[in-house]
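Thanks for sharing this one. Here are a few points to look at while you have the structure open.

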Amino acid sequence: MRSGLMYALVLGALLIGSLSQSAGQVRQKAAGLPLEKLELHNVKVEPATYLGRGAVRITDAGADGLDDAGRLAIVPGSSFQDGTIEVNLTGDTAPDARPEFRGFVGIAFRVTADRSQFECFYLRPKNGRSEDQLQRNHSVQYISIPGFPWNKLRAETPGKYESYVDLVPGQWTQVKIHVIGSRARLYVNGAEQPVLIVNDLKQTSTSGGIALWVGPGTIAHFSELRVRP
């Protein structure tokens, strides 16, 4: 972010007056204040009130087989290299989603203009209270695009880029991501200690956008996105 600049984007926490979609983008008006366009890629977005919070609902609209880089809603005007990102979010599966889908939901950052490069932390809410301990251990995940999808990281360095945290599908979860250079920490629900530590972010440290990220078969909600240097 630009030096000394702090901004807060409160998604859905304000009353959303109107929303229309054109050419893959969405314009929102919140309490008469127009928010610039979310740039949509293989997702559908709509305003919602969910479990007592004003929110943006994001639903997977991508084709089968789309990879981890495919489903993004890029936040307008965002420019982030180092700092802290905080958001409240939920993740669950659509009624017709395949049983192996886990409600994948998260935040991508340092997104390049052509979306070919970014870092991402995401949650698998349906793993958080699984009766299978190994599945629980896959509740939160780091990925890096290009070159480092979840399956490659899991196969080559088991357990290094994912971890357990208590999650409930469809319930609000508070997420904080702290980034400095090649290091990032993921905090969940106000915990003092991170649930996942990454000391070797895979892409070059450069300023880029922030995006709301979902995986296949997901219905997600995002509220109160705040970014500070």
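1. A good place to start is the end of a strand: I180 sits opposite R183, a residue of β14. Please keep in mind throughout that this is a predicted model.

2. The strands on either side of that pair are β13 and β14, the latter covering residues 183–188; they run antiparallel and are joined by six bridges. Their hairpin has two residues between the strands, and there G181 adopts a positive phi near 60°.

3. β13 also has a partner in strand β8 (residues 83–93), again antiparallel, with seven bridges joining the two. To find this pairing on screen, look for V87, whose bridge partner in β13 is V175.

4. Which side chains of β13 are buried? Following the strand from 173 to 180, you will see them alternate. T173, V175, I177 and V179 point to one face and are buried, while Q174, K176, H178 and I180 point to the other face and are not. V175, then, is both a buried residue and the bridge partner of V87.

5. Now for some backbone angles. Most residues other than glycine have a negative phi, and most peptide bonds are trans. With that in mind, have a look at N42, which is not a glycine yet has a positive phi near 65°. N42 belongs to the loop that links β4 (33–41) with β5 (43–50). Its relative accessibility is 36%, so N42 counts as partly exposed.

6. R110 is another non-glycine residue with a positive phi, in this case about 55°. R110 lies within strand β9 (residues 105–111). Is R110 buried or exposed? Buried, because its relative accessibility is 2%, and the cut-off for buried is under 20%.

7. There is a cis peptide bond to check as well: the one from I145 to P146, with omega near 5°. P146 is in the loop between β11 (140–145) and α2 (150–156).

8. Finally, the largest pocket holds about 620 Å³ of space. It is lined by 30 residues, and those closest to its centre are R98, E100, F101, F104 and P216. Among the elements that each supply at least two lining residues are β6 (53–60) and α2. How many of the lining residues are nonpolar, polar and charged? The lining of the largest pocket has ten nonpolar, nine polar and eleven charged residues.

Terms used: Residues are numbered from 1 along each chain as its sequence is written. This is a predicted model: local features need pLDDT of at least 70, side-chain atom pairs count only at pLDDT 80 or more; totals for chains, interfaces and linings use all residues. Side-chain values use heavy atoms; hydrogens and water are left out. Buried means under 20% relative accessible area, exposed over 50%, partly exposed in between (1.4 Å probe, protein chains only). Helices (H or I, at least four residues) and strands (E, at least two) are DSSP runs, numbered from the N terminus. Two strands pair if DSSP finds at least two bridges between them. On a 1 Å grid over the protein atoms alone, a cavity is a set of points where a 1.4 Å probe fits but cannot get out, and a pocket is an open set with protein on both sides within 12 Å along at least five of seven lines; lining residues have an atom within 4 Å of a point. Grid points are joined across faces, edges and corners, and a volume is the space filled by probe spheres set on the points. Ala, Val, Leu, Ile, Met, Phe, Trp, Tyr, Cys and Pro count as nonpolar, Asp, Glu, Lys and Arg as charged, and the others, Gly among them, as polar.
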